[in-house]
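Have your viewer open and a selection box ready. We will walk through the model stop by stop, picking something to select each time.

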Amino acid sequence: MAVTTAPEVEGGPIRQAAGKLSIVMFSGTADKFIPLGILAQAGAAMEMEVHVFVTGFALQAFTKEPGELPFPAEFAALAPAVAQGMAAAHVESWDTMLRQAKELGAKVHACSTMSAVMGLTPGDFSDLVDDVVGAATFLQVADGGETFFI
Amino acid sequence: MSTPAVQHTLVDSRGSSCPGPITDLSMAYRRSKVGDVIELWATDPGVTSDARAWSDRTGNPILSLEESDGKIVVVIEIQRR
């Protein structure tokens, strides 16, 4: 198991991360962003090193002008109930959860090739994104840990 | 040189859903030192298993885990940082 350090939080000493979770975020619909937020935040809270590699249709949501995330057509009828249920259960929005994960040390990497495909430069991304990297870099940081594809 | 006193920190995560309570626990953990005790209050039923998982992963034992009237109270001793 690879062991690395996580950044300090509120003056606490640097500690060792327990395992590693990497998430390839490819999908661009609102439903898929819920597990992204929950797993990234849960992984970081479990003291794991967390990396999110943003590519494909997910990339737009990480820009400074993300627009509204579409809900997939086959579940569109459920969308209002899901939104209502999430509010009632006090489930945070995906970006709030991801920010919480980042506060605990998670890193978000945007895919360089998909950025080029979408005509996006590093300056187009929101502050959620830590850097723009290639797939080889992501595979290197993900090496030795768990990797999920969403 | 004097040793700083052991702290008992109360973390109230009642009303917060997974992974909120375990995140609050993690934040308190990062501000803690070896020997401290963290007491987590939660209402999300997932906390019972999540707290055990967090304890196993970080190597900090659960001193007690009680549930009554939907309120879960987990007391964890910080042994590893």
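Two strands are taken to pair if DSSP finds at least two bridges between them. Helices (H or I, at least four residues) and strands (E, at least two) are DSSP runs, numbered from the N terminus. This is a predicted model, in which local features need pLDDT of at least 70, side-chain atom pairs count only at pLDDT 80 or more, and totals for chains, interfaces and linings use all residues. Residues are numbered from 1 along each chain as its sequence is written, while chains are lettered from A and ligands numbered from 1 in the order in which they are written.

**Stop 1: the sheet of chain B**

Start by selecting residues 62-68 and 71-77 of chain B. These are S3(B) and S4(B), an antiparallel pair held over 6 bridges. Within the pair, Glu66(B) sits opposite Val73(B) of S4(B).

Now widen the selection to the whole sheet. It is open, has 4 strands in the order S1-S2-S4-S3 (chain B), and its pairing is mixed. S1 (8-13) and S3 of chain B are the edge strands, each pairing on one side only. On average, neighbouring strands are turned by 10 degrees against each other, direction ignored; angles here run from 0 to 180 degrees between N-to-C directions, and axes are lines fitted to C-alpha atoms, for helices over the stretch in contact.

Add the two helices next. H1(B) packs on the sheet and touches S1 and S2 (37-42) of chain B, its direction making about 155 degrees with that of S1(B). Contact between two residues requires their C-beta atoms, placed from the backbone, to lie within 7 Å. H2(B) also packs on the sheet, touching S2, S3 and S4 of chain B, at about 175 degrees to S3(B).

**Stop 2: chain B as a whole**

Zoom out to all of chain B. Its 2 helices and 4 strands run β-α-β-α-β-β from the N terminus on. The radius of gyration of chain B, taken over C-alpha atoms, is 12 Å, close to the 12 Å from the globule rule (2.2 Å times the number of residues to the power 0.38) for 81 residues, so the chain is as compact as a globular protein of that length. Along the principal axes, the C-alpha atoms fill a box of roughly 45 × 20 × 20 Å.

Before leaving, pick Cys18(B) and Pro19(B): a cis peptide bond joins them, with omega about 5 degrees. Pro19(B) lies in the loop between S1 and H1 of chain B. For context, most peptide bonds are trans.

**Stop 3: where the chains meet**

Show both chains. Here 14 residues of chain B are in contact with 17 residues of chain A. Which helix gives the most to the side of chain B that touches chain A? H1(B) does, with 5 residues. That side divides into 4 nonpolar, 6 polar and 4 charged residues; Ala, Val, Leu, Ile, Met, Phe, Trp, Tyr, Cys and Pro count as nonpolar, Asp, Glu, Lys and Arg as charged, and the others, Gly among them, as polar.

Select H1 (residues 30-45) of chain A together with H1(B): they pack at about 35 degrees, with axes 8 Å apart. The residues making this contact are Gln41(A), Ala42(A) and Ala45(A) on one helix and Ile22(B), Thr23(B) and Ser26(B) on the other.

**Stop 4: the sheet of chain A**

Move on to chain A, which has 5 helices and 5 strands. Its open sheet of 5 strands follows the order S4-S3-S2-S1-S5, with parallel pairing. S4 (131-133) and S5 (146-149) of chain A are at the edges with a single partner strand each, so one side of each has no neighbour in the sheet. Select S1 (residues 20-25) of chain A: 4 bridges join this strand to S5(A), and Val24(A) stands opposite Phe149(A).

**Stop 5: two residues with positive phi**

Finish with Glu47(A) and His90(A). Phi is near 65 degrees for Glu47(A) and near 55 degrees for His90(A). Most residues other than glycine have a negative phi. Are these two buried or exposed? Glu47(A), in the loop between H1 and S2 of chain A, is buried, with 24 C-beta neighbours inside 10 Å. His90(A), in the loop between H2 (79-88) and H3 (94-103) of chain A, is exposed, with 12 other C-beta atoms within 10 Å. The cut-offs are 20 or more other C-beta atoms within 10 Å for buried, 12 or fewer for exposed, and partly exposed in between, with C-beta atoms placed from the backbone.
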